[in-house]
Amino acid sequence: MADREERRFAEVSRESVRLMAEGAGVELGDDVAALLAEDVCYRLREATQSSSQFMRHAKRRKLTVEDFNRALRWSNVEAICGYGAQDALPFRSVKEGELFFVEDRDVNLVELALATNIPKGCAETMVRVNVSYLDGKGNLEPQGTVPTAVQSLSDDLLKYYQQITRAILGEDPHLMKVALLDLQSNSKIAALLPYFVYVISGVKSVSHDLEQLNRLMHMVKSLVQNPYLYLGSYVRSLVSSVMYCILEPLAASINPLNDHWTLRDYAALLLSHIFWTHGDLVSGLYHQIVLSLQKVLSDPVRPLCSHYGAVVGLHALGWKAVERVLFPHLPAYWANLQAVLDDYSVSNAQVKADGHKVYGAILVAVERLLKMKALSLSQSAEGHSGAHPGSVVGAASYRVNSPGLSPPPEPLSEAALGIASHLQVGGAGCHWEEWTPVPLPAMYCELYSFFGDSLAVRFSTGPGFGTHSPCTPSQLSNSRKEPPGPASNLDTTRKMPQLTANLNISPRQDGSPRTDPPPPTTRGAPIYLSGLSREVFPKARFTSPQTTPPAFSFLIGGRQMGQRCQGRRPFQTMFATTPPVSAVPPRTYAHKLPVIGRVGKPVRRWTCSHYSLHLPL
Amino acid sequence: MAAVQGGMSDADIETDIKTEPSTDGFGNNNANDGRVLSASPGSGSSTGSNKQTAAVTPEDQQTLLAVLQFLKKNKLIESVEILRREAGLPENSLDPKATESAGAGSGGAAGIVDLEGGDVSSLLSRVTGSSSAGAQAPTKAVAEDQPDVRVVLSAYSQQGDPTLYEVYYSDLKKFIETVLDCHRAELSQVFYPLFVHMYLELVYNNHESEAKAFFEKFSGDQECYYEEDLRVLSGLTKKEHMRGNETLLDFRTSKFVLRISRDSYQLLKRHLQERQNNQIWNIIQEHLYIDIFDGMPRSKSQIDAMSGSLAGEAKREANKTKVYYGLLKEPEIELPLDDEDEEAENEEGKPKKKKPKKDSMGSKSKKQDPNAPSQNRIPLPELKDSDKLDKIMYMKEATKRIRLGSDNLPSVCFYTFLNAYQGLTAVDFTDDSSLIAGGFADSTVRVWSVTPKKLRKVKSAADLNLIDKESDDVLERIMDEKTASESKIMYGHSGPVYGISFSPDRNYLLSSSEDGTVRLWSLLTFTCLVAYKGHNYPVWDTQFSPYGYYFVSGGHDRVARLWATDHYQPLRIFSGHLADITCTRFHPNSNYVATGSSDRTIRVWDVLSGNCVRIFTGHKGPIHSLAFSPNGKFLASGATDGRVLLWDIGHGLMMGELKGHTDTIYSLRFSRDGEILASGSMDNTVRLWDVMKAFDDLETDDFTAATGHIHLQDNSQELLLGTYTTKSTPVIHLHFTRRNLLLAAGVSQL
């Protein structure tokens, strides 16, 4: 009944029926109208029910007017025309008459017939095939789209994933910072890790876009820093993405205006960071990385920017890597570099500029090598002088004492070592086998022959080092007094501000990764290493990273030797001290070294507590 | 009749049940069958007769003779004549052995004959039993026609006081609620049919307000899976409306079947008699068929698993007929070894391949599947040379088939239809996965080549005359290179194409449409060859027999029809479903056809006799997909309720329930080895199920096998091997290539 309270269905009221009848010019009695209304309702319901069958067989979820018309037709009722449009029909009301109706505008047939914008036939129906799942595993979607399997994640995660990737890869730098910060601290995104890693692996497809590469690298950093994420084997994928940015002759580097050097520096920094913090997750990673860096370095066909990447990469991996790979390779490489640098032709200008970058990078790397070696030697000497007063510091001595061990540090510390142990285990490159440590003086001599006066090492220590360090404040002030003129007389077009940036790449002081925290003494004089000292030193180093504030800064001033003298280039870097260093003041070679340098403005510094991996955005 | 046997000791029940003439599917079906046979005597005698002779197996001949005798006894001379002509029996075929030696050649069949000879008497009694129903059916069939609806409905008239209906019902309800737990679940089955019939009675007798009140009060008590029907019912409040409503007619004309244990039944009966509750007792007697069994009452879950259909459960005896579910013996094909690639293989490959081939052939013929029908039970087309070549290709591919299992899931290729604004309604792949066909809502049928080989038409007649017909590559020469294209469109239907099926030899394509026709298309000329008119309503599905030649169709008119491509009229009409037939499928041995329906049942029909041999109930929504396992033993069905049910055809048992989909399942397919079942649904997923595990895990003892009261484990999650999601694309078709790569198809909804 129309006037019934609760209604199970949409009903046509008897008033409506009467109105419609009036419209057709028929007067209806109340009872007739009621009967008709009820019957109409029933017929409508019936038609709707049977129309749903057409919908089901058309394999649709949406009931269309067409379905309803089919149902009508099959029950011998005239179909209703004119409602086949896809869009919703506007429903309007006339206030005065309390009438509601579907808008039905007049169509000007003449206009339609003469219309010039004849709709083109829609695209042809076709079938496209794609492999959705291979051996039961989902196929990865093309770059930029959401992987199919993401859809099986919860909606919230999916939304998060979309928002974050959009923010990071989008235009707004502020948004990106927020996103990165969240990525770095969110504890619930473990399920999304594969997708982020996958996004990051897209570096290869954006090698023309420095900005995107930078953003992806930042994403790596955030993921690596997130304490809640267990990266597991994804480290390998991340590392390969980072390595791509370090080593590849990116499409972006074709344009000299693109500052791809910064990207490489940053990526190298990131590499070392991944390596220090997550290097233990994948065995043999260190070795693989070093080998691939070495391969690039020894390949003369590679462009200089790749070589640059290899050098900063090695530098980032620690001085040991420099000592083992770069240093032995230097004589061979030097010839090539020299040739580039000596070519003054205009056409070579760009290449030469790149060459200078490589030169600078090598210089920084070897200087740190020298310094660290000296430091470790002095530490070992002092640390064990009581036990072995007569011991001679130097390679010769431990070679005598441990003749059977060709790469001496590792076998002893192997038990404690995570990655460094793979240095000789996975020794695919014969280079490792042949390697013997070169004593510091010899190393210095050799390096000096390359770099001449450019090679300068100076230790500036905090107050605690004052008495031990030959590098006195007076020397520092001396250097400071030196006029900045030579530094500024550089060829302005070849200014390489990035050099200072790459000096940032000074990770921790020791030369091995996180799981390899033996004291620096092991490097210089492994012969003295005992189980006791191994235990003592790491503890000392890591328990109080902040308690010993003094940092020593490492100043490098350089001038190229010979006829290629281009004036001085100021180099500077600062290192956070490691506690054992503060405990054991370094005995340095510094006094032997010519000091040509000056203290510039302090550059961004690396601190242990917070790795400021942010590049200026 | 099982109920009759079951009720032997209880004389009352026996008479109660027997008084009502059989109006269930069995009776109808026999009636139809008889009608068809007599309706087309000309075609039957001219073209069909020799085939039929070949098809008649010894045991069937026995049956036929028994039927003839019965007809003669009842003085139905004309029927005798027609039947004899149809069956191709000689005039005086008194000795069955004589004819059968001519008909059945194979040695294996002789053993079966002897075996059958043992229980000829029982068979005879069975035959007489069923044909008595058949004899009564013609009168019933008339009664079913529209003008006589009144007669049918009039059973509802002159009933008791309408105001007492509520009292009666709640009285029964109270009683059932107080009985022991073990009986309560069983007796609760009575509620729904009683409720419906009482409501209809009220409506029919114009007690509208009482009917509404009754509905309001008790509709909430009904099982949730009857919701759909209740909605239809609630809309119906006038006697006039009842006349046109098919659902109600079904309800009225068919008896709602309940399976109740003897103890529970006695309980109910005693209660009703004590209370003098004649109203309910009458309804039970008139409209319900209570299938009484001896033994433990069933649990609620057991009942729920089997109920849900429009007309209750299947009678037990409906699933007792023997079904020859085994596969036919593959014809022996000499594997030709002169192929190039074969040649390229190592020398020793030749003898190796030949020998095992012969051995396997020999062993195969020896161990003929005991469950298989005899080779010529249904006359099948002879193999052409091209078929043999295809068989060889199939064997070659089969050797490269990937063995699937729970630890080795298939790869999936998704065929997405683009720009299908007109609406894709049906998809089919050829068996060798070289072609894909789509039926569209705009009445077109489109075929695409999935391989680089393009689709070409045959040249025109004039051009064909110019061809050298003796040349070896004549088949290549007849093709018109100019017509090569990746896809072809075929026009002919005047309504959405709901079903589509390739012939096994890839020369033909069938399509069924809303316009009521099934069309046969040639894939050589890409034109329509025949429009089969018989269904007067939309034809929802059609499928070719796995051996070609025959095809089945089913639609809104609630009958499935069996056709042969060279007959413009159907060979068999399978009638019995109470609502639309939504999907049809051929058994791998081509002797049976399965149909799924909106009445939420699945029926399996014998192609030879036209009888319904299995009724499977348990789905709670219209069934939209069916699949036979490759070994022919099992059937899988998927419905709008999102569940897949597995059935053992031989025993007529439900084997498992696979829950996981959240929307209608439009496609089901077994992997080529039958280990994995793939289901594709509107919920944009393809799910893979470990059906081997499902079949193995089910423990069946003799009792459960005899009663069909399977206790299903709820282990869907264990059986679910994988869920493959698409990107907003409902999966409407699935297909396993011969190497077990899974192909899926659908239209993106994005």
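**Notes on a predicted two-chain model**

1. Start with the salt bridges between the chains. Three salt bridges cross the interface of chain B and chain A. Keep in mind that this is a predicted model. One salt bridge joins the side chains of Glu38(A) and Lys238(B), with N to O at 3.2 Å. Polar contacts also cross this interface, in 12 residue pairs.

2. Now look at which parts of chain B touch chain A. Several elements of chain B each supply at least two residues to this side. Among them are helix H14 (208–218), helix H15 (227–234) and helix H16 (239–244). Strands take part too, including strand E4 (424–429), strand E5 (435–440) and strand E29 (720–725). Which strand gives the most? E3(B) does, with seven residues. By residue type, the side of chain B that touches chain A divides into 29 nonpolar, 21 polar and 11 charged.

3. Next comes the extent of the contact. Chain B puts in 61 residues and chain A puts in 41 residues. Together the two chains bury about 4,500 Å². Carbon and sulfur atoms hold 51% of that area. Three residues of chain B stand out here: His241(B), Leu418(B) and Lys727(B). They supply 12% of the area that chain B buries against chain A, more than any other three residues.

4. Strands pair across the two chains. Strand E3 of chain A covers residues 126–134 and is joined to E3(B) by seven bridges. The two strands run antiparallel. To find the pairing on screen, go to Met126(A), which stands opposite Leu418(B).

5. Turn to chain B by itself. Chain B has 28 helices and 31 strands. Of its 750 residues, 57% count as buried. Take the contacts in chain B with a separation of 6 or more: 62% of them come from residues 24 or more positions apart.

6. Strand E2 of chain B, residues 288–293, is mostly covered. How many of its six residues are buried? Six of the six are. In a regular strand, side chains alternate between the two faces of the sheet. In E2(B), Leu288(B), Ile290(B) and Ile292(B) point one way. Tyr289(B), Asp291(B) and Phe293(B) point the other way, and all are buried. The neighbour in pairing is strand E1 of chain B, residues 256–261. E1 and E2(B) pair in the parallel sense over six bridges. Phe256(B) stands opposite Leu288(B).

7. Strand E26 of chain B, residues 665–670, has five of its six residues buried, so the strand is largely enclosed by the rest of the structure. Five bridges join E26(B) to strand E27 of chain B, residues 676–681, and the two run antiparallel. Phe670(B) stands opposite Leu677(B) in E27(B). The hairpin of E26(B) and E27(B) has five residues between the strands. There, Gly674(B) takes a positive phi near 80 degrees.

8. Salt bridges are found well beyond the interface. The whole structure holds 46 of them over all chains. Within helix H14 of chain B, Lys212(B) and Glu208(B) meet in one, at 3.2 Å from N to O. These two are four residues apart in the helix, so about one helical turn separates them. Both Lys212(B) and Glu208(B) are buried.

9. Other salt bridges link separate elements of chain B. Asp390(B) forms one with Arg738(B), with the closest N and O atoms 3.2 Å apart. Asp390(B) lies in helix H23, while Arg738(B) lies in the loop between strand E30 and strand E31, so the pair ties together parts that are 348 residues apart in sequence. Asp390(B) is buried, with a relative accessible area of 17%. Arg738(B) is buried as well, at 5%. Both belong to a network of salt bridges that also includes Asp431(B), Asp432(B), Arg506(B) and Arg672(B).

10. Glu657(B) and Arg643(B) form a salt bridge too, their closest N and O atoms being 2.1 Å apart. Glu657(B) sits in strand E25 and Arg643(B) in strand E24, so the pair ties together parts 14 residues apart in sequence. Both residues, Glu657(B) and Arg643(B), are buried.

11. Finish in chain A. Asn69(A) lies in helix H3, residues 65–74. Is Asn69(A) buried or exposed? Asn69(A) is buried, with a relative accessible area of 7%. Leaving out residues up to four places away in sequence, Asn69(A) touches Ala79(A) and Ile80(A).

Key: Residues numbered from 1 in each chain as written. Chains lettered and ligands numbered in written order. Predicted model: local features only at pLDDT ≥ 70, side-chain atom pairs only at ≥ 80, totals over all residues. Heavy atoms only, no water. Contact = heavy atoms within 4.5 Å. Buried area = accessible area lost by both parts, 1.4 Å probe. Salt bridge = Lys/Arg side-chain N within 4 Å of Asp/Glu carboxyl O. Polar contact = N/O pair within 3.5 Å; in protein donor to acceptor, adjacent residues only side chain to side chain. Nonpolar A, V, L, I, M, F, W, Y, C, P; charged D, E, K, R; others polar. Pairing = 2+ DSSP bridges. Buried < 20%, exposed > 50% of the residue type's maximum accessible area, 1.4 Å probe, protein only.
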